[in-house]
Amino acid sequence: MTPISEKNGMVDFGRELLGHVVFSCCKKPVLFVGESTAEALNNNLADFEQSTELLETCDGQWTSKHPLAFRYVRIAGGEAKDVRCTAQFHPARYAGAFACSDETLTRIWMNSAYTLRLCMHDFLIDGIKRDRLPWTGDMAMSIMANSYSFADADIIRRSLTVLGRAGISDTDINGIVDYSLWWIISEDFYQLYFDDNEHLVREWTRIKNCLELLNNRCDSEGLITLEPGAWLFIDWVDAEKMTALQILWWWAQISGSALAERMNESSLASKWRKQAASLKGVLYSKAWDAKASAWRAHPQKNSDISRHANLLAVISGLTTIDEASSIKKALLDTSIPDVGTPYMKGFECMALSGLGASDSAISQIRYYWGGMLKHGATTFWESYNSAEEDQDIYSFYERPFAKSLCHAWSSGPASILPATVMGIRPLADGWKRFTVEPNLYDLEWACASVPTPFGDIQVEISSDKITIHVPLGTTLEFDGRSYSGPTTVSESPDIRQLQ
(Lines give C-alpha, C1' and ligand atoms only; values in the text may rest on other atoms or scores of the structure.)
Protein backbone atom coordinates (compact mmCIF):
# COMPACT_ATOMS: atom_id res chain seq x y z
CA MET A 1 0.00 0.00 0.00
CA THR A 2 1.32 3.45 -0.91
CA PRO A 3 0.44 6.85 0.61
CA ILE A 4 -2.08 9.19 -0.95
CA SER A 5 -0.28 12.33 0.22
CA GLU A 6 2.62 13.76 2.20
CA LYS A 7 2.62 17.21 3.77
CA ASN A 8 5.04 18.74 6.27
CA GLY A 9 6.57 15.36 6.99
CA MET A 10 3.21 13.66 7.63
CA VAL A 11 2.53 10.71 5.35
CA ASP A 12 -1.17 9.89 4.89
CA PHE A 13 -2.20 6.45 3.60
CA GLY A 14 -5.80 7.62 3.24
CA ARG A 15 -7.34 4.87 5.34
CA GLU A 16 -6.77 2.76 8.44
CA LEU A 17 -4.30 -0.09 7.86
CA LEU A 18 -2.59 -2.90 9.73
CA GLY A 19 0.88 -3.78 8.53
CA HIS A 20 4.59 -3.09 8.54
CA VAL A 21 5.87 0.38 7.66
CA VAL A 22 8.71 0.07 5.13
CA PHE A 23 10.95 2.90 3.84
CA SER A 24 14.45 3.99 2.87
CA CYS A 25 16.59 6.32 5.00
CA CYS A 26 20.35 6.86 5.01
CA LYS A 27 20.44 7.72 8.75
CA LYS A 28 19.01 5.83 11.71
CA PRO A 29 15.44 7.15 11.88
CA VAL A 30 12.70 7.27 14.48
CA LEU A 31 9.23 6.09 13.48
CA PHE A 32 5.96 7.61 14.64
CA VAL A 33 2.56 6.28 13.55
CA GLY A 34 -1.00 7.13 14.41
CA GLU A 35 -4.59 6.23 13.71
CA SER A 36 -5.04 10.01 13.93
CA THR A 37 -2.74 12.91 13.12
CA ALA A 38 -2.66 13.82 16.81
CA GLU A 39 -1.31 10.38 17.66
CA ALA A 40 1.29 10.51 14.88
CA LEU A 41 2.47 13.92 16.13
CA ASN A 42 2.93 12.63 19.67
CA ASN A 43 6.57 12.62 20.84
CA ASN A 44 6.02 11.26 24.34
CA LEU A 45 7.18 7.64 24.43
CA ALA A 46 5.00 6.99 27.48
CA ASP A 47 1.91 7.67 25.37
CA PHE A 48 2.71 5.10 22.68
CA GLU A 49 0.22 2.24 22.44
CA GLN A 50 2.36 0.26 19.96
CA SER A 51 6.04 -0.54 19.61
CA THR A 52 7.53 1.40 16.70
CA GLU A 53 10.88 -0.39 16.92
CA LEU A 54 12.67 -0.48 13.57
CA LEU A 55 14.80 -3.13 11.90
CA GLU A 56 17.38 -2.35 9.23
CA THR A 57 16.80 -5.09 6.67
CA CYS A 58 19.75 -4.02 4.53
CA ASP A 59 21.81 -0.89 4.09
CA GLY A 60 19.45 2.08 4.34
CA GLN A 61 16.28 -0.04 4.22
CA TRP A 62 14.02 -0.01 7.29
CA THR A 63 10.89 -1.81 8.43
CA SER A 64 8.85 -1.73 11.59
CA LYS A 65 9.59 -4.81 13.67
CA HIS A 66 5.90 -5.34 14.43
CA PRO A 67 2.70 -4.89 12.41
CA LEU A 68 1.16 -1.54 13.34
CA ALA A 69 -2.31 -0.04 13.19
CA PHE A 70 -2.16 3.37 11.57
CA ARG A 71 -3.25 5.78 8.89
CA TYR A 72 -0.54 8.40 9.38
CA VAL A 73 3.25 7.98 9.45
CA ARG A 74 5.93 10.46 10.57
CA ILE A 75 9.63 9.68 10.32
CA ALA A 76 12.23 11.75 12.18
CA GLY A 77 16.03 11.66 12.19
CA GLY A 78 16.59 11.53 8.47
CA GLU A 79 15.01 12.01 5.07
CA ALA A 80 12.72 9.06 4.41
CA LYS A 81 11.94 7.91 0.89
CA ASP A 82 9.64 5.36 -0.70
CA VAL A 83 7.41 5.05 2.37
CA ARG A 84 4.94 2.20 1.99
CA CYS A 85 3.03 -0.38 3.98
CA THR A 86 3.10 -4.14 3.58
CA ALA A 87 -0.49 -4.53 4.75
CA GLN A 88 -1.99 -7.56 6.43
CA PHE A 89 -5.43 -8.58 5.18
CA HIS A 90 -7.57 -11.66 5.71
CA PRO A 91 -8.34 -13.20 2.29
CA ALA A 92 -12.01 -12.23 2.25
CA ARG A 93 -14.05 -10.62 -0.50
CA TYR A 94 -16.95 -8.25 -0.03
CA ALA A 95 -19.86 -10.56 -0.72
CA GLY A 96 -22.62 -8.14 0.34
CA ALA A 97 -23.41 -4.54 -0.49
CA PHE A 98 -25.65 -1.66 0.51
CA ALA A 99 -26.22 1.74 -1.06
CA CYS A 100 -28.91 4.39 -0.84
CA SER A 101 -29.70 7.97 -1.79
CA ASP A 102 -28.04 9.21 1.43
CA GLU A 103 -24.29 9.23 0.76
CA THR A 104 -23.54 9.30 4.49
CA LEU A 105 -25.43 6.06 5.12
CA THR A 106 -23.75 4.43 2.12
CA ARG A 107 -20.33 5.43 3.48
CA ILE A 108 -21.26 4.21 6.94
CA TRP A 109 -22.12 0.76 5.53
CA MET A 110 -18.87 0.53 3.58
CA ASN A 111 -16.71 1.76 6.47
CA SER A 112 -18.46 -0.68 8.81
CA ALA A 113 -17.65 -3.58 6.51
CA TYR A 114 -14.05 -2.36 6.17
CA THR A 115 -13.79 -2.09 9.97
CA LEU A 116 -14.82 -5.72 10.27
CA ARG A 117 -12.47 -6.81 7.50
CA LEU A 118 -9.43 -5.27 9.21
CA CYS A 119 -10.35 -7.24 12.35
CA MET A 120 -10.55 -10.55 10.46
CA HIS A 121 -7.39 -12.66 10.81
CA ASP A 122 -6.94 -16.22 12.09
CA PHE A 123 -9.73 -15.23 14.47
CA LEU A 124 -12.10 -12.30 14.53
CA ILE A 125 -10.22 -9.93 16.82
CA ASP A 126 -11.54 -6.92 18.71
CA GLY A 127 -9.27 -4.22 17.32
CA ILE A 128 -6.05 -3.82 15.37
CA LYS A 129 -4.18 -1.41 17.65
CA ARG A 130 -4.82 -3.00 21.02
CA ASP A 131 -5.55 -6.54 22.21
CA ARG A 132 -5.83 -8.19 18.77
CA LEU A 133 -7.70 -10.99 20.52
CA PRO A 134 -11.14 -12.57 20.12
CA TRP A 135 -13.64 -11.31 22.71
CA THR A 136 -17.09 -12.84 23.04
CA GLY A 137 -18.84 -9.51 23.53
CA ASP A 138 -17.73 -8.48 20.05
CA MET A 139 -18.88 -11.73 18.49
CA ALA A 140 -22.67 -11.31 18.50
CA MET A 141 -22.51 -8.01 16.61
CA SER A 142 -19.69 -9.26 14.39
CA ILE A 143 -21.59 -12.42 13.40
CA MET A 144 -24.44 -10.32 12.04
CA ALA A 145 -22.15 -7.81 10.32
CA ASN A 146 -20.17 -10.67 8.79
CA SER A 147 -23.32 -12.36 7.51
CA TYR A 148 -24.43 -9.28 5.57
CA SER A 149 -21.01 -8.31 4.23
CA PHE A 150 -18.63 -11.30 3.92
CA ALA A 151 -20.55 -14.50 4.74
CA ASP A 152 -17.28 -15.90 6.10
CA ALA A 153 -18.41 -18.76 8.33
CA ASP A 154 -14.91 -20.17 8.88
CA ILE A 155 -13.61 -17.24 10.89
CA ILE A 156 -16.73 -17.16 13.09
CA ARG A 157 -16.47 -20.93 13.65
CA ARG A 158 -12.80 -20.71 14.66
CA SER A 159 -13.41 -17.75 16.96
CA LEU A 160 -16.38 -19.32 18.78
CA THR A 161 -14.45 -22.57 19.10
CA VAL A 162 -11.33 -21.05 20.64
CA LEU A 163 -13.38 -18.86 22.98
CA GLY A 164 -15.30 -21.82 24.33
CA ARG A 165 -12.43 -24.30 24.54
CA ALA A 166 -11.36 -23.55 28.12
CA GLY A 167 -14.89 -23.73 29.50
CA ILE A 168 -15.99 -21.65 32.48
CA SER A 169 -15.29 -23.98 35.43
CA ASP A 170 -12.29 -21.88 36.49
CA THR A 171 -13.06 -18.48 35.01
CA ASP A 172 -15.63 -16.84 32.73
CA ILE A 173 -14.94 -16.52 29.03
CA ASN A 174 -12.58 -13.55 28.63
CA GLY A 175 -12.86 -13.24 32.43
CA ILE A 176 -16.25 -11.49 32.13
CA VAL A 177 -19.47 -13.00 33.44
CA ASP A 178 -21.72 -11.52 30.76
CA TYR A 179 -19.32 -12.73 28.06
CA SER A 180 -20.02 -16.34 29.10
CA LEU A 181 -23.68 -15.57 28.37
CA TRP A 182 -22.86 -13.86 25.07
CA TRP A 183 -20.96 -16.98 23.99
CA ILE A 184 -24.13 -19.11 24.20
CA ILE A 185 -26.22 -16.38 22.53
CA SER A 186 -23.58 -16.09 19.80
CA GLU A 187 -23.68 -19.84 19.18
CA ASP A 188 -27.41 -19.45 18.50
CA PHE A 189 -26.78 -16.43 16.25
CA TYR A 190 -24.19 -18.41 14.33
CA GLN A 191 -26.68 -21.15 13.55
CA LEU A 192 -29.35 -18.65 12.47
CA TYR A 193 -27.05 -16.85 10.03
CA PHE A 194 -24.77 -19.71 8.91
CA ASP A 195 -26.49 -23.06 9.69
CA ASP A 196 -23.36 -24.99 10.67
CA ASN A 197 -24.66 -28.22 12.19
CA GLU A 198 -21.22 -29.86 12.18
CA HIS A 199 -19.90 -27.11 14.46
CA LEU A 200 -22.90 -27.40 16.78
CA VAL A 201 -22.49 -31.18 17.13
CA ARG A 202 -18.80 -30.74 17.97
CA GLU A 203 -19.37 -27.96 20.52
CA TRP A 204 -22.66 -29.19 22.00
CA THR A 205 -21.18 -30.82 25.12
CA ARG A 206 -19.27 -27.64 25.95
CA ILE A 207 -22.39 -25.51 25.42
CA LYS A 208 -24.42 -27.75 27.75
CA ASN A 209 -21.68 -27.71 30.38
CA CYS A 210 -21.50 -23.93 30.22
CA LEU A 211 -25.25 -23.61 30.75
CA GLU A 212 -25.18 -26.01 33.71
CA LEU A 213 -22.27 -24.21 35.36
CA LEU A 214 -24.08 -20.90 34.96
CA ASN A 215 -27.23 -22.46 36.37
CA ASN A 216 -25.29 -23.59 39.44
CA ARG A 217 -24.47 -19.93 40.14
CA CYS A 218 -28.13 -18.97 40.48
CA ASP A 219 -30.00 -18.22 43.67
CA SER A 220 -33.29 -19.84 44.67
CA GLU A 221 -35.22 -17.51 42.32
CA GLY A 222 -33.10 -18.32 39.28
CA LEU A 223 -31.20 -15.01 39.29
CA ILE A 224 -27.57 -15.44 38.35
CA THR A 225 -25.26 -14.29 41.14
CA LEU A 226 -21.84 -12.71 40.98
CA GLU A 227 -18.92 -14.53 42.50
CA PRO A 228 -16.38 -12.49 44.50
CA GLY A 229 -14.23 -10.45 42.13
CA ALA A 230 -16.40 -11.20 39.10
CA TRP A 231 -16.23 -8.69 36.25
CA LEU A 232 -19.68 -7.61 35.09
CA PHE A 233 -19.07 -5.55 31.96
CA ILE A 234 -22.19 -5.03 29.79
CA ASP A 235 -20.74 -1.75 28.43
CA TRP A 236 -18.11 0.90 29.20
CA VAL A 237 -20.41 2.91 31.46
CA ASP A 238 -20.38 3.52 35.19
CA ALA A 239 -23.90 2.36 36.02
CA GLU A 240 -25.92 -0.34 37.73
CA LYS A 241 -26.07 -3.36 35.38
CA MET A 242 -27.66 -6.23 37.31
CA THR A 243 -31.00 -6.29 35.46
CA ALA A 244 -29.15 -6.21 32.12
CA LEU A 245 -27.16 -9.25 33.31
CA GLN A 246 -30.32 -11.16 34.24
CA ILE A 247 -31.90 -10.37 30.87
CA LEU A 248 -28.80 -11.76 29.16
CA TRP A 249 -29.12 -14.87 31.35
CA TRP A 250 -32.75 -15.24 30.24
CA TRP A 251 -31.62 -14.83 26.63
CA ALA A 252 -28.82 -17.41 27.07
CA GLN A 253 -31.36 -19.94 28.35
CA ILE A 254 -33.68 -19.25 25.40
CA SER A 255 -30.68 -19.63 23.07
CA GLY A 256 -29.70 -22.85 24.84
CA SER A 257 -33.22 -24.17 24.32
CA ALA A 258 -33.09 -23.32 20.60
CA LEU A 259 -29.72 -25.06 20.29
CA ALA A 260 -31.07 -28.13 22.11
CA GLU A 261 -33.99 -28.29 19.69
CA ARG A 262 -31.54 -28.30 16.79
CA MET A 263 -29.79 -31.22 18.50
CA ASN A 264 -33.15 -33.02 18.93
CA GLU A 265 -32.81 -32.95 22.71
CA SER A 266 -36.42 -32.02 23.39
CA SER A 267 -36.36 -32.67 27.14
CA LEU A 268 -33.37 -30.39 27.61
CA ALA A 269 -34.95 -27.75 25.38
CA SER A 270 -38.07 -27.92 27.53
CA LYS A 271 -36.02 -27.60 30.71
CA TRP A 272 -34.35 -24.38 29.56
CA ARG A 273 -37.61 -22.92 28.29
CA LYS A 274 -39.28 -23.59 31.66
CA GLN A 275 -36.39 -22.09 33.59
CA ALA A 276 -36.37 -19.06 31.32
CA ALA A 277 -40.13 -18.64 31.83
CA SER A 278 -39.65 -18.78 35.59
CA LEU A 279 -36.85 -16.21 35.44
CA LYS A 280 -39.02 -13.96 33.28
CA GLY A 281 -41.69 -13.99 35.97
CA VAL A 282 -39.16 -13.10 38.64
CA LEU A 283 -37.79 -10.24 36.56
CA TYR A 284 -41.23 -8.79 35.94
CA SER A 285 -42.01 -8.94 39.64
CA LYS A 286 -38.72 -7.42 40.75
CA ALA A 287 -37.20 -5.32 37.94
CA TRP A 288 -40.20 -4.03 36.01
CA ASP A 289 -41.21 -0.47 36.94
CA ALA A 290 -44.99 -0.49 36.57
CA LYS A 291 -45.24 3.29 36.80
CA ALA A 292 -42.72 3.95 34.02
CA SER A 293 -43.57 0.71 32.18
CA ALA A 294 -39.86 0.07 31.66
CA TRP A 295 -37.00 -1.90 33.16
CA ARG A 296 -35.10 -0.73 36.22
CA ALA A 297 -31.35 -1.15 36.53
CA HIS A 298 -31.44 -3.62 39.48
CA PRO A 299 -34.05 -6.28 40.32
CA GLN A 300 -33.46 -6.00 44.06
CA LYS A 301 -33.02 -2.28 44.52
CA ASN A 302 -35.14 0.81 43.97
CA SER A 303 -33.02 1.85 41.00
CA ASP A 304 -33.41 4.13 38.00
CA ILE A 305 -34.59 3.11 34.53
CA SER A 306 -31.77 1.42 32.62
CA ARG A 307 -31.18 2.04 28.92
CA HIS A 308 -29.15 -1.17 28.65
CA ALA A 309 -31.78 -3.33 30.33
CA ASN A 310 -34.52 -1.98 28.08
CA LEU A 311 -32.67 -2.33 24.79
CA LEU A 312 -31.54 -5.87 25.70
CA ALA A 313 -35.10 -6.78 26.69
CA VAL A 314 -36.26 -5.80 23.20
CA ILE A 315 -33.60 -7.50 21.08
CA SER A 316 -33.69 -10.66 23.21
CA GLY A 317 -37.47 -10.97 22.84
CA LEU A 318 -38.13 -10.68 26.57
CA THR A 319 -40.37 -7.64 26.17
CA THR A 320 -43.90 -7.89 24.80
CA ILE A 321 -45.72 -5.90 22.14
CA ASP A 322 -47.91 -4.34 24.82
CA GLU A 323 -44.84 -2.74 26.39
CA ALA A 324 -43.41 -1.46 23.11
CA SER A 325 -44.58 2.15 23.33
CA SER A 326 -43.34 2.71 26.88
CA ILE A 327 -39.96 1.10 26.24
CA LYS A 328 -39.60 3.10 23.04
CA LYS A 329 -40.28 6.22 25.08
CA ALA A 330 -37.56 5.20 27.54
CA LEU A 331 -35.01 4.59 24.78
CA LEU A 332 -35.80 7.97 23.20
CA ASP A 333 -35.52 9.73 26.58
CA THR A 334 -32.24 11.64 26.51
CA SER A 335 -32.29 12.08 30.29
CA ILE A 336 -31.57 8.36 30.72
CA PRO A 337 -27.76 7.87 30.58
CA ASP A 338 -26.56 6.93 27.12
CA VAL A 339 -24.70 3.79 26.08
CA GLY A 340 -20.91 3.97 26.14
CA THR A 341 -19.86 2.30 22.90
CA PRO A 342 -20.88 1.66 19.28
CA TYR A 343 -21.25 -1.96 20.44
CA MET A 344 -24.30 -1.12 22.57
CA LYS A 345 -25.41 1.73 20.29
CA GLY A 346 -25.79 -0.86 17.53
CA PHE A 347 -28.00 -3.00 19.74
CA GLU A 348 -29.97 0.10 20.70
CA CYS A 349 -30.62 0.88 17.03
CA MET A 350 -31.77 -2.71 16.54
CA ALA A 351 -34.13 -2.31 19.49
CA LEU A 352 -35.58 0.94 18.14
CA SER A 353 -36.17 -0.72 14.78
CA GLY A 354 -37.88 -3.64 16.50
CA LEU A 355 -40.13 -1.20 18.38
CA GLY A 356 -41.33 0.44 15.17
CA ALA A 357 -39.02 3.43 15.54
CA SER A 358 -36.77 2.67 12.59
CA ASP A 359 -36.72 6.35 11.66
CA SER A 360 -35.09 7.04 15.05
CA ALA A 361 -32.65 4.16 14.49
CA ILE A 362 -31.58 5.62 11.13
CA SER A 363 -31.26 9.08 12.67
CA GLN A 364 -29.03 7.70 15.41
CA ILE A 365 -26.83 5.92 12.86
CA ARG A 366 -26.45 9.16 10.93
CA TYR A 367 -25.63 11.10 14.08
CA TYR A 368 -23.42 8.56 15.86
CA TRP A 369 -21.42 6.81 13.13
CA GLY A 370 -21.73 9.91 10.95
CA GLY A 371 -20.14 11.85 13.79
CA MET A 372 -17.06 9.64 13.54
CA LEU A 373 -16.98 10.24 9.78
CA LYS A 374 -16.86 13.98 10.44
CA HIS A 375 -13.68 13.38 12.43
CA GLY A 376 -12.15 11.69 9.39
CA ALA A 377 -12.83 8.09 10.40
CA THR A 378 -12.33 5.42 7.75
CA THR A 379 -13.03 2.70 10.32
CA PHE A 380 -15.22 2.92 13.40
CA TRP A 381 -14.04 3.39 16.94
CA GLU A 382 -14.09 1.50 20.21
CA SER A 383 -16.14 4.29 21.76
CA TYR A 384 -17.57 7.62 20.69
CA ASN A 385 -18.94 10.59 22.58
CA SER A 386 -20.03 13.55 20.47
CA ALA A 387 -19.41 15.89 23.42
CA GLU A 388 -15.67 15.18 23.39
CA GLU A 389 -13.49 17.62 21.49
CA ASP A 390 -9.97 17.99 20.15
CA GLN A 391 -7.49 15.34 21.29
CA ASP A 392 -9.86 14.09 24.00
CA ILE A 393 -11.80 12.11 21.40
CA TYR A 394 -8.86 9.70 21.13
CA SER A 395 -8.30 9.06 24.83
CA PHE A 396 -9.48 5.95 26.67
CA TYR A 397 -8.57 4.10 29.86
CA GLU A 398 -7.10 7.42 31.09
CA ARG A 399 -4.46 7.25 28.34
CA PRO A 400 -4.35 9.87 25.58
CA PHE A 401 -4.29 7.52 22.56
CA ALA A 402 -5.56 4.25 24.01
CA LYS A 403 -8.82 4.32 22.09
CA SER A 404 -8.91 1.84 19.23
CA LEU A 405 -10.09 3.58 16.05
CA CYS A 406 -10.82 0.25 14.34
CA HIS A 407 -12.95 -1.99 16.55
CA ALA A 408 -15.02 -4.96 15.37
CA TRP A 409 -17.92 -4.28 17.74
CA SER A 410 -18.47 -0.97 15.94
CA SER A 411 -19.29 -2.64 12.60
CA GLY A 412 -23.00 -2.99 13.42
CA PRO A 413 -24.37 -0.80 10.58
CA ALA A 414 -23.12 -3.40 8.08
CA SER A 415 -26.09 -5.50 9.18
CA ILE A 416 -28.36 -2.91 10.79
CA LEU A 417 -28.79 -0.78 7.64
CA PRO A 418 -29.98 -3.56 5.27
CA ALA A 419 -32.02 -5.10 8.10
CA THR A 420 -33.68 -1.77 8.95
CA VAL A 421 -34.05 0.11 5.65
CA MET A 422 -34.68 -2.99 3.55
CA GLY A 423 -36.07 -5.22 6.28
CA ILE A 424 -33.93 -8.14 5.08
CA ARG A 425 -33.71 -10.65 7.94
CA PRO A 426 -33.38 -14.46 8.21
CA LEU A 427 -36.35 -16.43 9.53
CA ALA A 428 -34.73 -19.88 9.42
CA ASP A 429 -31.17 -21.13 9.82
CA GLY A 430 -28.83 -20.23 6.99
CA TRP A 431 -31.37 -17.92 5.31
CA LYS A 432 -33.53 -20.84 4.13
CA ARG A 433 -36.47 -18.54 4.86
CA PHE A 434 -36.16 -14.79 4.99
CA THR A 435 -38.29 -11.70 5.07
CA VAL A 436 -38.15 -8.32 3.36
CA GLU A 437 -40.08 -5.52 5.09
CA PRO A 438 -38.85 -2.31 3.45
CA ASN A 439 -39.41 1.26 4.53
CA LEU A 440 -37.47 4.03 2.79
CA TYR A 441 -38.27 6.65 5.45
CA ASP A 442 -36.74 9.82 3.98
CA LEU A 443 -34.67 8.02 1.32
CA GLU A 444 -35.40 8.20 -2.40
CA TRP A 445 -33.96 4.75 -3.15
CA ALA A 446 -31.99 1.94 -1.58
CA CYS A 447 -30.52 -1.35 -2.73
CA ALA A 448 -28.75 -4.24 -1.04
CA SER A 449 -27.21 -7.60 -1.78
CA VAL A 450 -27.05 -10.14 1.05
CA PRO A 451 -24.92 -13.26 0.59
CA THR A 452 -26.38 -16.61 1.64
CA PRO A 453 -25.25 -20.25 1.20
CA PHE A 454 -27.80 -20.43 -1.64
CA GLY A 455 -26.77 -17.28 -3.50
CA ASP A 456 -27.34 -13.57 -3.12
CA ILE A 457 -30.59 -12.01 -1.98
CA GLN A 458 -30.88 -8.81 -3.99
CA VAL A 459 -33.35 -6.06 -3.17
CA GLU A 460 -33.89 -2.76 -4.96
CA ILE A 461 -36.37 -0.16 -3.73
CA SER A 462 -37.45 3.17 -5.14
CA SER A 463 -40.39 5.37 -4.31
CA ASP A 464 -42.66 3.44 -6.68
CA LYS A 465 -41.21 -0.05 -7.02
CA ILE A 466 -39.52 -2.88 -5.16
CA THR A 467 -37.71 -5.78 -6.79
CA ILE A 468 -36.52 -8.84 -4.86
CA HIS A 469 -34.37 -11.62 -6.30
CA VAL A 470 -34.97 -14.87 -4.38
CA PRO A 471 -32.19 -17.52 -4.66
CA LEU A 472 -32.88 -21.19 -5.33
CA GLY A 473 -33.27 -23.09 -2.06
CA THR A 474 -34.72 -20.13 -0.15
CA THR A 475 -38.24 -18.90 0.55
CA LEU A 476 -39.19 -15.24 0.78
CA GLU A 477 -41.94 -14.12 3.17
CA PHE A 478 -43.18 -10.83 1.77
CA ASP A 479 -46.38 -8.89 2.27
CA GLY A 480 -48.25 -11.91 3.64
CA ARG A 481 -47.18 -14.26 0.85
CA SER A 482 -44.46 -16.88 0.37
CA TYR A 483 -42.24 -17.07 -2.73
CA SER A 484 -39.90 -20.00 -3.34
CA GLY A 485 -36.72 -19.33 -5.29
CA PRO A 486 -35.44 -18.98 -7.82
CA THR A 487 -37.76 -16.14 -8.66
CA THR A 488 -37.97 -12.38 -8.89
CA VAL A 489 -40.73 -10.53 -7.10
CA SER A 490 -41.55 -7.10 -8.45
CA GLU A 491 -44.18 -4.86 -6.92
CA SER A 492 -45.39 -1.33 -7.48
CA PRO A 493 -48.44 0.67 -6.34
CA ASP A 494 -50.24 -0.42 -9.50
CA ILE A 495 -49.14 -3.98 -10.14
CA ARG A 496 -48.05 -7.11 -8.33
CA GLN A 497 -46.05 -9.28 -10.67
CA LEU A 498 -44.27 -12.59 -10.14
CA GLN A 499 -41.67 -13.14 -12.85
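User: In this protein chain, what share of the contacts with a separation of 6 or more comes from residues 24 or more positions apart?

Analyst: Keep in mind that this is a predicted model. Take the contacts in the protein chain with a separation of 6 or more, then pick out those whose residues sit 24 or more positions apart. That share comes to 66%.

User: What radius of gyration does the protein chain have, and what would a compact globule have?

Analyst: The C-alpha trace spans about 70 × 65 × 45 Å along its principal axes. With 499 residues, a compact globule would come out near 23 Å, and the chain agrees with that, because its own radius of gyration is 24 Å.

User: How many helices and strands does the chain have?

Analyst: Here we're counting the secondary structure of the protein chain. It comes to 13 helices and 19 strands.

User: Which strands stand at the edges of the open sheet with β12 and β16 in it?

Analyst: The sheet has 4 strands with mixed pairing, in the order β11-β12-β16-β17. An edge strand has a single partner, so one side of it is left without a neighbour in the sheet. That fits β11 (425–426) and β17 (481–484).

User: Which residue is the bridge partner of Pro 426 in β12?

Analyst: β11 and β12 (residues 433–435) run antiparallel, and 2 bridges join them. In β12, the partner of Pro 426 is Phe 434.

User: Where is Pro 486, and what is the omega of the peptide bond leading to it from Gly 485?

Analyst: Pro 486 sits in the loop between β17 and β18 (487–491). Most peptide bonds are trans. The one from Gly 485 to Pro 486 is cis, with omega near 5°.

User: Is Asp 131 buried, partly exposed or exposed?

Analyst: Asp 131 lies in the loop between α2 (103–118) and α3 (136–149). Its phi is positive, about 75°, although it is not a glycine. Buried means under 20% relative accessible area and exposed means over 50%. Asp 131 has 38%, so it is partly exposed.

User: And what about Ile 234: buried or exposed?

Analyst: Most residues other than glycine have a negative phi. Ile 234 has a positive one, near 60°, and its place is in the loop between α6 (197–215) and α7 (242–262). Its relative accessibility is 2%, so Ile 234 counts as buried.

User: What percentage of the chain's residues are buried?

Analyst: For the outside, the accessible surface is about 20,500 Å², with 48% of it belonging to carbon and sulfur atoms. Of the 499 residues, the buried share is 58%.

Conventions
Residues are numbered from 1 along each chain as its sequence is written. This is a predicted model: local features need pLDDT of at least 70, side-chain atom pairs count only at pLDDT 80 or more; totals for chains, interfaces and linings use all residues. Side-chain values use heavy atoms; hydrogens and water are left out. Two strands pair if DSSP finds at least two bridges between them. The radius of gyration is taken over C-alpha atoms; the globule rule is 2.2 Å times the number of residues to the power 0.38. Buried means under 20% relative accessible area, exposed over 50%, partly exposed in between (1.4 Å probe, protein chains only). Contact means heavy atoms within 4.5 Å. Accessible areas come from the Shrake-Rupley method with a 1.4 Å probe; for residues, only the protein chains shown count as cover.
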